[in-house]
Amino acid sequence: MSICGISESNAQIKLGDKAVGALEKGVKGFTFSDEDAAALSKEAVEQMDKENPVADAKDGYAIRLERLFGKHKSENGLNLNYKVYKVKDVNAFATADGSVRVFAGLMDIMDDNELLAVIGHEIGHVANHDSRDAVKAAYKKEALLDAAASQSGTIATLSDSQLGKIGNAMLDSKHSRKQETQADEYSYEFMKRNGYDVNAVESSFNILAKMSEGAQSSFMAKMMSSHPDSKDRAEKSKKRATKDGLYKAYVQQPIVNAAPAAAKKAPAKKKKK
Ligand SMILES: [Zn+2]
């Protein structure tokens with residue numbers, strides 16, 4: 001596993017005052033502000049970035065993600081940052097601090113519009129505060145496990161392994177069906193508002209539906225158990241598009257994850273369907 005140090009912020013794991021405050025408060029009564037959740041999420045994501053192979057700036061996957069999402073770093077008033085984990089899993093997640101992490105496996109099967117739709121869904125979880133609730137739950141669990149230790153002395157830092165646990169818990173956290181439906185709606189509106197092909201939302205769910213028939217990844221298991229049926233979600237998206245007069249059967253565009261220098265001329269994808 002190679003770790004790349006490219007990061008916009010300081011790469012060192014160092015607990016900020018906010019996170020320490022969250023920890024102290026958490027032990028007392030688990031009152032957790034949005035700022036606390038964001039601070040703790042940020043620490044946990046930085047730990048995950050250390051433990052996963054992050055695509056560097058010259059990597060084709062990172063270049064593609066930057067091309068697609070560079071302009072959405074302050075989407076809807078949110079402060080977002082993006083990275084690619086070069087792993088085969090079909091997965092993506094977003095956390096309360098606005099960190100979006102996309103796995104290469106997802107980028108291998110989704111074209112630009114479909115990727116925008118999936119990440120739009122993840123951004124929806126941040127915008128709707130689902131991610132904040134998830135880190136709260138994860139933290140609560142971790143703090144409870146460590147309650148005995150934390151009562152003995154002053155808490156200065158969370159260990160890397162605790163941050164790792166919180167990160168994993170965030171990754172595994174299940175949102176309710178209602179939260180999923182709302183994130184789907186957010187995704188559709190995100191596509192529409194930005195002038196992207198809204199039909200890619202339906203298409204991305206159809207891909208996931210097809211995959212879920214055979215796939216074993218935890219992401220897919222999650223999609224099956226907590227997300228409403230992918231086919232149903234595709235259908236709902238189709239209905240929204242039809243109602244808006246925007247429906248047209250979506251045709252997947254070529255997927256290019258190679259860096260531009262290596263790729264033969266990436267096909268234009270601006271075509272409106
Ligand atoms: Zn979701």
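## A walk through a zinc-binding model

Right where helix α3 begins, a side-chain oxygen of D59 reaches to within 2.8 Å of the backbone nitrogen of Y61. That's a nice spot to start our tour, but keep in mind that this is a predicted model. Helix α3 covers residues 60-69, and seven of its ten residues are buried. Those buried residues are G60, Y61, A62, R64, L65, L68 and F69. What do the buried residues of α3 pack against? They pack against β1, β3, α4 (104-109), α5 and α9.

Let's step back for the overall picture. The protein has twelve helices and three strands in its secondary structure. Buried residues account for 50% of its 273 residues. Among contacts between residues at least 6 apart in sequence, 72% link residues at least 24 apart.

### The sheet

The three strands make an open sheet in the order β1-β3-β2, and the pairing is mixed. β1 and β2 sit at the edges with a single partner strand each, so one side of each has no neighbour in the sheet. From one strand to the next, the twist averages 15 degrees.

How does each edge strand pair with β3? Strand β1 (residues 81-85) runs parallel to β3, and five bridges join the two. Strand β2 (residues 92-94) pairs with β3 in the antiparallel sense, over three bridges. β2 and β3 also form a hairpin, with four residues between them. In the turn of that hairpin, G98 has a positive phi of about 90 degrees.

Here are some residues that face each other across the sheet:

| Residue | Partner in β3 |
|---|---|
| V84 | V102 |
| Y85 | F103 |
| F93 | R101 |

Now zoom in on strand β3 itself (residues 99-103): five of its five residues are buried. S99, R101 and F103 point one way, V100 and V102 point the other way, and all of them are buried.

V100 is a good residue to click on. It is found in strand β3, and its relative accessible area is 0%. A residue counts as buried when that value is under 20%, so V100 is buried. Leaving aside neighbours within four places in sequence, V100 is in contact with L80, N81, Y82, K83, F93, A94 and I119. Take L80 from that list: L80 and V100 are 20 residues apart in sequence, yet 7.0 Å apart in space, C-alpha to C-alpha.

Two helices lie across the sheet strands. Helix α2 (residues 34-51) lies across β1, β2 and β3, running at about 30 degrees to β1. Our starting helix, α3, lies across β1 and β3, and runs at about 150 degrees to β1.

### The cores

Where do the nonpolar residues end up? In soluble globular proteins, nonpolar side chains tend to be buried together. In this model, the largest nonpolar core has 40 residues, and I119 and M191 have the most contacts inside it. Helix α5 gives the most to this core, with seven residues. Another core lies apart from it, with 17 residues, among them L40, M48, L163 and M170.

You met I119 a moment ago as one of the contacts of V100. As for M191, leaving aside its neighbours within four places in sequence, it touches N113, L116, A117, Y196, D197, V198, A200 and V201.

### The zinc site

Which residues coordinate the zinc ion? H121 and H125 do so through NE2, and E180 through OE, at 2.0 to 2.2 Å. Along the chain, these donors follow the spacing H-x3-H-x54-E. H125 lies in helix α5 (residues 112-127) and E180 in helix α9 (residues 177-193), so the pair ties together parts that are 55 residues apart in sequence.

Are H125 and E180 buried or exposed? H125 is buried, with a relative accessible area of 2%, and E180 is buried too, at 1%.

Notice how the helices come back into the story. Helix α5 holds H125 and gives the most residues to the largest core. Helices α5 and α9 are also among the elements that the buried residues of α3 pack against, which brings us back to the helix where we began.

Note on methods
Residues are numbered from 1 along each chain as its sequence is written. This is a predicted model: local features need pLDDT of at least 70, side-chain atom pairs count only at pLDDT 80 or more; totals for chains, interfaces and linings use all residues. Side-chain values use heavy atoms; hydrogens and water are left out. Buried means under 20% relative accessible area, exposed over 50%, partly exposed in between (1.4 Å probe, protein chains only). Two strands pair if DSSP finds at least two bridges between them. Donors are N, O and S atoms within 2.8 Å of the metal (3.2 Å for Na, K and Ca); water is not among the atoms, so sites may look incomplete. Contact means heavy atoms within 4.5 Å. A polar contact is a pair of N or O atoms within 3.5 Å; within protein, one must be able to donate a hydrogen and the other to accept it, and residues adjacent in sequence count only if both atoms are side-chain atoms. A nonpolar core is a set of buried Ala, Val, Leu, Ile, Met, Phe, Trp, Tyr and Cys residues joined through side-chain atoms within 4.5 Å. Axes are lines fitted to C-alpha atoms, for helices over the stretch in contact, and angles run from 0 to 180 degrees between N-to-C directions.
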